[in-house]
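Here is a short walk through one protein model, with a look at how its helices pack. Keep the picture open while you read.

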Amino acid sequence: MPFSYDGLWKQLIDKNLTKEEMRKTLKFSPSKIAKMGKGENVSMDVIERVCSHFQCSIEEVVQYIQEGEDEHDERGNLEANSI
């Protein structure tokens with residue numbers, strides 16, 4: 001699972017939206033939401049539509065995670081959700 005969409009899921013929580021509401025609003029197929037839920041890659045078009053809709057940057061939506069490496073914050077500390 002090389003990608004994390006935790007930023008996107010946080011956006012949904014902050015805006016009190018469900019994945020299904022986002023899917024319908026942005027006209028995504030269920031498979032696009034499923035791929036993001038599994039941390040799989042999606043097209044840049046999908047990312048662009050999300051960023052445009054939420055008026056945010058790519059970094060606020062998706063993060064690349066090196067496989068085999070622990071998840072660390074920007075200071076190098078192990079993040080709590082990876083323990």
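## Helix 2 against helix 3

Let's jump straight in: helix 2 and helix 3 cross each other in a right-handed way. On the helix 2 side, the contact comes from Lys19, Met22 and Arg23, and on the helix 3 side from Pro30, Ile33 and Met36. Sort those residues by type and you get four nonpolar, two charged and no polar.

How do you describe a pair like this? Two packed helices are described by the angle between their axes and the distance between the axes. Here the axes of helix 2 and helix 3 come within 10 Å, and they cross at roughly 130°. That angle makes helix 2 oblique to helix 3.

## The whole protein

Time to step back. This is a predicted model, so keep that in mind throughout. The protein has four helices and two strands. Starting at the N terminus, the elements run β-α-α-α-α-β.

The protein has 83 residues, and buried ones make up 29% of them. What about contacts between residues at least 6 apart in sequence? Of these, 54% join residues at least 24 apart.

## Helix 2 against helix 4

Helix 2 also packs with helix 4, at an angle of about 100° and with the axes 11 Å apart. Is helix 2 roughly parallel or roughly perpendicular to helix 4? Angles from 65 to 115 degrees count as roughly perpendicular, so helix 2 is roughly perpendicular to helix 4.

Which residues do the touching? From helix 2 you'll find Met22, Thr25 and Leu26, and they meet Arg49, Val50, His53 and Phe54 in helix 4. By type, the residues of this contact split into four nonpolar, two polar and one charged. Notice that Met22 turns up here, and that Met22 is also part of the contact with helix 3.

## The buried side of helix 2

Which residues of helix 2 are buried? Helix 2 spans residues 19–26, and its buried residues are Met22, Arg23 and Leu26. They sit on the same side of helix 2, because they cover an arc of only 100° around the axis. There's a handy general rule behind this kind of pattern: an α-helix has 3.6 residues a turn, so residues three or four places apart point the same way.

The buried residues of helix 2 pack against helix 1 (6–14), helix 3 (30–37) and helix 4 (44–54). Just after helix 2 comes Lys27, which has a positive phi, near 55°.

## Two residues of helix 1

Now for a couple of residues in helix 1, starting with Gln11. Is Gln11 buried or exposed? Its relative accessible area is 14%, and buried means under 20%, so Gln11 is buried. Not counting neighbours within four places in sequence, Gln11 is in contact with Phe54, Cys56 and Glu60. Phe54 should ring a bell, as one of the helix 4 residues that helix 2 meets. Gln11 and Val61 are 50 residues apart along the chain, yet their C-alpha atoms are separated by 8.0 Å.

Asp6 is in helix 1 too. With 44% relative accessibility, Asp6 counts as partly exposed. Where does the chain bring Asp6 and Gly39? They are 33 residues apart along the chain, and 9.3 Å separates their C-alpha atoms.

Key. Residues are numbered from 1 along each chain as its sequence is written. This is a predicted model: local features need pLDDT of at least 70, side-chain atom pairs count only at pLDDT 80 or more; totals for chains, interfaces and linings use all residues. Side-chain values use heavy atoms; hydrogens and water are left out. Buried means under 20% relative accessible area, exposed over 50%, partly exposed in between (1.4 Å probe, protein chains only). The arc is that of the directions from the helix axis to the C-beta atoms. Contact means heavy atoms within 4.5 Å. Axes are lines fitted to C-alpha atoms, for helices over the stretch in contact, and angles run from 0 to 180 degrees between N-to-C directions. Angles under 35 degrees count as roughly parallel, over 145 as roughly antiparallel, 65 to 115 as roughly perpendicular and the rest as oblique. A crossing is left-handed if the near helix is turned anticlockwise from the far one by less than a right angle, and right-handed if clockwise. Ala, Val, Leu, Ile, Met, Phe, Trp, Tyr, Cys and Pro count as nonpolar, Asp, Glu, Lys and Arg as charged, and the others, Gly among them, as polar.
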